[in-house]
Amino acid sequence: MIPPVNGDLAFPPPLEWKFSQVFGERTAGEEVQEVDIISAIEFDKSGEHLATGDRGGRVVLFERTDGKDFTFRKDLEKMDYPIARHPEFRYKTEFQSHEPEFDYLKSLEIEEKINKVRWCQTANGALFLLSTNDKTVKYWKVQEKKVKKVADMNLDSSASVANGRLADQIGAGSDFVFPPGGFPSLHLPVVIVGHETNLVPRCRRVYAHAHDYHINSISNNSDGETFISADDLRINLWNLEISNQSFNIVDVKPVNMEDLTEVITSAEFHPTHCNTLAYSSSKGTIRLIDMRQSALCDAHAKIFEEHETAGSRSFFTEIIASISDIKFGKDGRHILSRDYMTLKLWDLNMEASPVATFQVHEHLRPKLCDLYENDSIFDKFECCLSGDGLRVATGSYSNLFRVFGCVPGSNEATTLEASKNPIRRQAQTPSRPLRSLTSLTRSRRRGADNMGMEANGGGHDFSTKLLHLAWHPTSNALACAAANSLYMYYAEDQPQSEHQK
């Protein structure tokens, strides 16, 4: 995944990102409806389909269109060079996955907001995916259905007229009352033609009543038969075909809730080992568990945590250490984690410290007091890895996202804006020293007037945030969700400089 740098092996050149597409773009001054804000995004393993979920409980599917222009073979044979393509998508269909509910036993409203969407294995041309809100996971099948129409009958309609009211009585609106003397012949269709093709979503399973707390993660197993759902204190294992029973495999709930010190924040299965999964916590740790060890995985196989240096603790230390998202690399050897300030890349063979740390919000450290007061410090940013494992990406405020190179020695760090001109704004990390904790209190007293200013003098809008993004599994392409808009970008390798060749 991360090739060593030695001898003549140079790290790859930085990528040049370009705008590709946008869906649901807002016009100037248009107000965004809360229900239209995208809350989940996911490519399938093939990269041919993309799914998004929103706060209104809808799931929208997109399909890849590039390379499907049905060019004639003789025209292709005339070309002596391949056509350079980047992933392009079009709207496929959408359906209402979840509705708002009310738990009468707990007097609790359950939002319809989609927390996660995960693709399952396709079969017989049908698409399968899981979606979840705070309490209920649903298993969906989306399949093309052809609507057929009768084109010809075995009995000529003109011959039926001779029998009086026969033609009217055997029409579509007839109640099939037998005429006097009966039917002279049986009226049957002989030619049926396909009229049109519709995409029909159908909910195959509903997995409910298994979580007391809000579901934050779902993840498919590589065995294609099971998946997990995780809330703050428990992780449950499900069989896709059994909706009325699940197995609790992780339970961190203490006997006395006053002794609670950490909660589960994210969980994911290993991409190839069906017995292995990882989950992160609000204390900044990642635990790797092996389901072969015991039915209840109270003991972890490995724990990944970075020990803080002496004297570095503050009121915000535990808050910003909480991991909001983890992702396994495609090779299964690395785990990417995102906390409020950083991205960290972990090697499964190195538990003591990450192999790479990428600073995302270091320039916001002087503003932690203000970020705490307006709850922005609790924002949960997602992260993703490229299919080749050479780069990682995550979002930030002002609808910015950042891409980092993972190869040792690489200094690739690109900041882009989710807009049609992604390089319009470059938010650079300040190089000046950080202010002390005493100056943090001074900035707090100055109030919210300076909340829109970055540490390096640039504007920063904390009301707009890019929380959700996904990397295409086989191409250098990113899908980013900015409010209700879905932006697509692709990248090309820049030519290497002389010292890199």
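Is Arg55 buried, exposed or partly exposed? Arg55 comes out as partly exposed, with 29% relative accessibility. Keep in mind that this is a predicted model.

## Salt bridges overall

The count for this structure is 22 salt bridges. Side chains of opposite charge can pair when their charged atoms come close. Three pairs are picked out below, followed by a network.

## Glu34 and Arg55

Arg55 has a salt-bridge partner in Glu34, with 2.4 Å from N to O. Glu34 sits in the loop between β1 (15–23) and β2 (38–43), while Arg55 sits in the loop between β3 (49–54) and β4 (58–64), so the contact ties together parts that are 21 residues apart in sequence. Like Arg55, Glu34 is partly exposed, at a relative accessible area of 48%.

## Glu306 and Lys344

Here the closest N and O atoms of the salt bridge are 2.8 Å apart. Glu306 belongs to the loop between β19 (302–304) and α4 (317–321), and Lys344 to strand β22 (residues 342–347), so this pair ties together parts 38 residues apart in sequence.

The two ends are in different settings: Glu306 is partly exposed at 40% relative accessible area, whereas Lys344 is buried at 15%.

## Arg333 and Asp347

Strand β22 also supplies Asp347, which pairs with Arg333 from the loop between β20 (325–328) and β21 (334–338), 14 residues apart. Their side chains meet in a salt bridge at 3.0 Å, N to O. Asp347 is buried, with just 5% relative accessibility, while Arg333 is partly exposed at 43%.

## A shared network

Lys106, Asp212, Arg234 and Asp251 are joined into one network by salt bridges that share partners.

How values were computed. Residues are numbered from 1 along each chain as its sequence is written. This is a predicted model: local features need pLDDT of at least 70, side-chain atom pairs count only at pLDDT 80 or more; totals for chains, interfaces and linings use all residues. Side-chain values use heavy atoms; hydrogens and water are left out. A salt bridge is a side-chain nitrogen of Lys or Arg within 4 Å of a carboxyl oxygen of Asp or Glu. Helices (H or I, at least four residues) and strands (E, at least two) are DSSP runs, numbered from the N terminus. Buried means under 20% relative accessible area, exposed over 50%, partly exposed in between (1.4 Å probe, protein chains only).
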